[in-house]
Amino acid sequence: MSMHWAALLTNSSCDTPHIDALDLAVWALQFTPRVAQMEQTVWLELAQSLRLFGGEGRLHQLVEAGAAELGVSAMAWAPTSLAALACARMGIRDGFEAPLAQVLDPLPIGSIDDVNIHQATLSRLGCRTLDDVRQLPRGGLSRRFGSQLLLALDQAY
């Protein structure tokens, strides 16, 4: 079964009403027991809940409407958790709209944290997008930047 992730971003620095990420994670448990929270992000894995809530469209409506009421600053849907987070950060709501590589490849390096920490060096190598990084030889990336960068890319894609 394929995965169906949602990433919800809260923004504690904005003036609009918002919900704390931990409270948002508790709220999300009504849709699935597969909820994770880290810093200002809450992830939901919803593949097992699609049928229970009347299908993908209906579940998306319920989650999006509730999240909007709670003051979620951005959200996105995608087949992986890191892809959903990258899409949410870049304002892309639907990571299912095209093959995942077509959605993620044009995104800037900063959309994935474990790639972004190497942004200065990657920029000097001419990399601006995730696709630019993916085009580099994997062996060289691993030796130069460590395995975490490749792991993050593999997990996102």
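This passage describes how the strands, helices and buried residues of a predicted model are arranged.

The sheet is a convenient place to begin. Four strands make up an open sheet, ordered β2-β3-β1-β4, and their pairing is antiparallel. The edge positions belong to β2 (35-38) and β4, each of which has a single partner strand, so one side of each is left without a neighbour in the sheet. From one strand to the next, the twist averages 15 degrees. Strands of a sheet pair through backbone hydrogen bonds, and they may do so in the parallel or the antiparallel sense.

Strand β1 deserves a closer look. On one side, β1 (residues 5-9) pairs with β3 (residues 41-45) in the antiparallel sense over five bridges, and within this pairing Leu8 stands opposite Val42 of β3. Strand β1 also pairs with β4 (residues 74-78), again in the antiparallel sense and over five bridges; here the bridge partner of Trp5 is Ala78 in β4. The strand is mostly covered, with five of its five residues buried. Trp5, Ala7 and Leu9 point one way from β1, while Ala6 and Leu8 point the other way, and all of them are buried.

Helices α2 and α3 both have a place in the account of the sheet. Helix α2 (residues 56-70) lies across β1 and β4 and runs at about 160 degrees to β4. Helix α3 packs on the sheet too, where it touches β1, β3 and β4. The direction of α3 makes about 40 degrees with that of β1.

Moving on to the nonpolar interior, the largest nonpolar core holds 32 residues, of which Leu104, Val115, Leu122, Val133 and Leu149 touch the most other members. Two or more residues each are given to this core by β1, β4, α3 (81-89), α4 (100-104), α7 (130-134), α8 (138-145) and α9 (147-156). The largest share comes from α3, which supplies seven residues. Apart from this core lies another one, of 19 residues, with Trp27, Phe31, Val42 and Leu50 among them.

Leu122 illustrates the contacts in the largest core. With neighbours within four places in sequence left aside, Leu122 is in contact with Ile109, Val115, Cys127, Val133, Leu136, Leu141, Phe145 and Leu149. Leu149 leads on to helix α9, whose buried residues are Leu149, Leu150, Ala152, Leu153 and Ala156. Viewed down the axis of α9, these buried residues fall within an arc of 160 degrees, so they line one face of the helix. The elements that cover them include α3, α4, α5 (113-116), α6 (119-124), α7 and α8.

Three individual residues complete the picture. Glu45 lies in strand β3. Its relative accessible area is 1%, which is under the 20% limit, so Glu45 counts as buried. A polar atom of the Glu45 side chain lies 2.8 Å from the backbone nitrogen of His4. Beyond the neighbours within four places in sequence, the residues in contact with Glu45 are Met3, His4, Trp5, Thr32 and Arg34.

Val72 is found in the loop between α2 and β4. With a relative accessibility of 15%, Val72 counts as buried. Not counting residues up to four places away in sequence, Val72 touches Leu8, Leu9, Leu24 and Ala67. Val72 and Gln40 are 32 residues apart in sequence, and their C-alpha atoms are 10.0 Å apart in space.

Finally, Glu39 lies in the loop between β2 and β3. Glu39 is exposed, its relative accessible area being 62%. The phi angle of Glu39 is near 50 degrees, a positive value in a residue other than glycine.

Conventions
Residues are numbered from 1 along each chain as its sequence is written. This is a predicted model: local features need pLDDT of at least 70, side-chain atom pairs count only at pLDDT 80 or more; totals for chains, interfaces and linings use all residues. Side-chain values use heavy atoms; hydrogens and water are left out. Buried means under 20% relative accessible area, exposed over 50%, partly exposed in between (1.4 Å probe, protein chains only). Two strands pair if DSSP finds at least two bridges between them. A nonpolar core is a set of buried Ala, Val, Leu, Ile, Met, Phe, Trp, Tyr and Cys residues joined through side-chain atoms within 4.5 Å. Contact means heavy atoms within 4.5 Å. The arc is that of the directions from the helix axis to the C-beta atoms. A polar contact is a pair of N or O atoms within 3.5 Å; within protein, one must be able to donate a hydrogen and the other to accept it, and residues adjacent in sequence count only if both atoms are side-chain atoms. Axes are lines fitted to C-alpha atoms, for helices over the stretch in contact, and angles run from 0 to 180 degrees between N-to-C directions.
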